[in-house]
Structures are given as structure tokens and as C-alpha cells.
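Trainee: I would be grateful for a close look at a single part of this protein, followed by an account of how that part sits within the whole.

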Amino acid sequence: RLTQKTALDAIRLYRTGWAATGTTIDAVNQSLEEAKAVWHAYQTQRTQGESDLNQRADQQFEQVVTLYQQWLQPAGSDALHILILNDSTFNMETDQSLGSFDQSLNTLIQNQLDAASAVQLEASALTRLLLRAYIYGGGLLIIGSVLLAWRIQHSIQQPLHALRNLILEVAHSSNLTLRARPLGNDEVAQAATALNQLLDHFQGLVQKLESNAHSLRGHAGQAR
């Protein structure tokens, strides 16, 4: 914009007599200095390095600066070289230097837009990939948690059911020789061990009562 618009507008104002010589020189030089700073910043930050397009654009920028400097050369006591050029020559020099540089700039801008679009597409693809990974990973985590919870519940319920069935069988058959099988060292296993101890105690009491009853029957027989 500085070389294609601002500086060129100052030159056109001078050619039409709407701007003084000093004002035109100051305006054009200021635009050129700003353009040089902007172009230098672009050169240090561009991602394509020393590509053919960048090298051509650098050369064209130097040609544009040289053209403006030639236009600002004095041509008489109070006139610039640009003032004595006819319209056809002015338009031809403008098209050759500024037009070519403008085309290169448009190509560079389009390349930057294409590169940005490619980066955006890659970022979108990566985002979708990460999203699928999170979904699949979350699904596997949920499934694993459910299976783990089921296994823990099963490992707890199975011994509890065995204890319940043993107690019901003892109550139904009065078989005090039945015993639980403790598995592990958790609370359920400790309960099974306590139940076995209780059954041992009951079995011992029953055996003692049967022994006493047998002795009493023996004594009763002798008394008769």
C-alpha cells in the first residue's frame, strides 16, 4: 500500500499541480522509508526463505524504490524528473515496475493464505484425531471401570452367597460338620473363619451333651 498507493498518489498530485515539490519529496521519501521497514520485517519473518518468488519480489521492491528515487531527481531549478515525463512514459514505467511488484505481492499473499489454510486443515485434522482418541480412550476407560467394578462386586458377592447358602444348609439339615472355605484375608474371609469357629463350638457342645446324655442313660439303667 505504501508504494502502490500512498507514494504513487503523492506523485500524481505533484504531476497535476496539486502538491509542491518539497511536499512531494517529503511524502514520497516518508512512504519509501516506511515501506523499507515493513519489507525488512517481512524478510526476517517469512517462512519460505530464499525462494525464487521471494528473491524476485526483493528485486522488484528495489526496482520500485529506485524508480521513485529517479522520479524525485531534479529536472531544472524547481521541478522534478517526474514532471517532465509524458503520460504514456509515466504509465509504462508504473506498469513495468509497480505492476510487476504488485503481481508478486498478490502471489506472496495468496501463498501465505494457502499456507495458513493448509495449517488450519492440519489443525482441524489433528483436533478430530485427538477428539476420536479421547472418545475411544474414554469409552475404554468406562468399559474397564465397569468390568473392574463387576469383578470386585462378583469377588465379594460370591463368598457372601456361599456363606449364606452354608448357613441355610446348616439350619435346614442341622449338620454341624459343614464348614465354610475362607478365601483371602478380607472381611468376608474373616467372617467365614468366625462362622467355622462358631460351628466348631456348637458341634463340641452337641457332642458333650450327647456324651452326658449317654452317661445319664447308663446310670439310669444301673439304678433299675
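Is N175 buried, partly exposed or exposed, and why does it count as such?

Mentor: The model is a predicted one, and what follows should be read in that light. N175 counts as partly exposed, because its relative accessibility is 28%. For that class the value must lie between the 20% under which a residue is buried and the 50% over which a residue is exposed. The residue belongs to the loop that links α5 (87-173) to α6. Its C-alpha atom is separated by 63 Å from that of L130, a residue 45 places away along the chain.

Beyond this loop comes helix α6, which covers residues 187-223 and contains R217. With a relative accessibility of 57%, R217 counts as exposed. Between the C-alpha atoms of R217 and R151 there are 56 Å, and 66 residues separate the two along the chain.

The overall architecture gives these separations a setting. The protein is built from six helices and has zero strands, and its pattern along the sequence reads α-α-α-α-α-α. The radius of gyration is 50 Å, whereas the globule rule gives 17 Å for 224 residues, so the protein is more spread out than a compact globule. Along the principal axes, the C-alpha atoms occupy a box of roughly 165 × 30 × 25 Å. Of the 224 residues, 24% are buried. The exposed surface comes to about 15800 Å², with 58% of it supplied by carbon and sulfur atoms. As for charge, there are 16 positive and 20 negative side chains, and 26 Å lies between the centres of the two sets.

Contacts between parts of the chain that are apart in sequence also deserve attention. When contacts between residues at least 6 apart in sequence are considered, 63% of them join residues at least 24 apart. Two buried residues illustrate contacts beyond the immediate sequence neighbours. The first topic is T21, which is located in helix α2 (residues 21-45). T21 counts as buried because its relative accessibility is 18%. Apart from residues within four places in sequence, its contacts are Y14, D78 and L80. Further along α2, the buried residues include T24, V28, S31, L32, A35 and W39. The helix itself has 25 residues, which at 1.5 Å a residue should span 36 Å, and this agrees with the 36 Å between its end C-alpha atoms.

The second topic is Q60, a residue of helix α3. At 11% relative accessibility, Q60 counts as buried. Once residues up to four places away in sequence are set aside, Q60 touches S100, F101 and S104. The buried residues of α3 also include L53, A57, F61, V64, V65, L67, Y68 and W71, and among them are the polar N54 and D58 as well. Helix α3 comprises residues 52-71, and the 28 Å between its end C-alpha atoms agrees with the 28 Å expected for 20 residues at 1.5 Å a residue.

To return to the part you asked about, N175 is partly exposed at 28% relative accessibility, in the loop between α5 and α6. By contrast, Q60 in α3 is buried, and R217 in α6 is exposed.

Conventions: Residues numbered from 1 in each chain as written. Predicted model: local features only at pLDDT ≥ 70, side-chain atom pairs only at ≥ 80, totals over all residues. Heavy atoms only, no water. Helix = DSSP H or I, 4+ residues; strand = E, 2+ residues; numbered from the N terminus. Buried < 20%, exposed > 50% of the residue type's maximum accessible area, 1.4 Å probe, protein only. Contact = heavy atoms within 4.5 Å. Expected span 1.5 Å × (residues − 1). Rg over C-alpha atoms; globule rule 2.2 N^0.38 Å. Areas by Shrake-Rupley, 256 points an atom, 1.4 Å probe, with all protein chains shown as cover. Lys, Arg positive; Asp, Glu negative; His and termini not counted. Charge placed at Lys NZ, Arg CZ, Asp CG, Glu CD.
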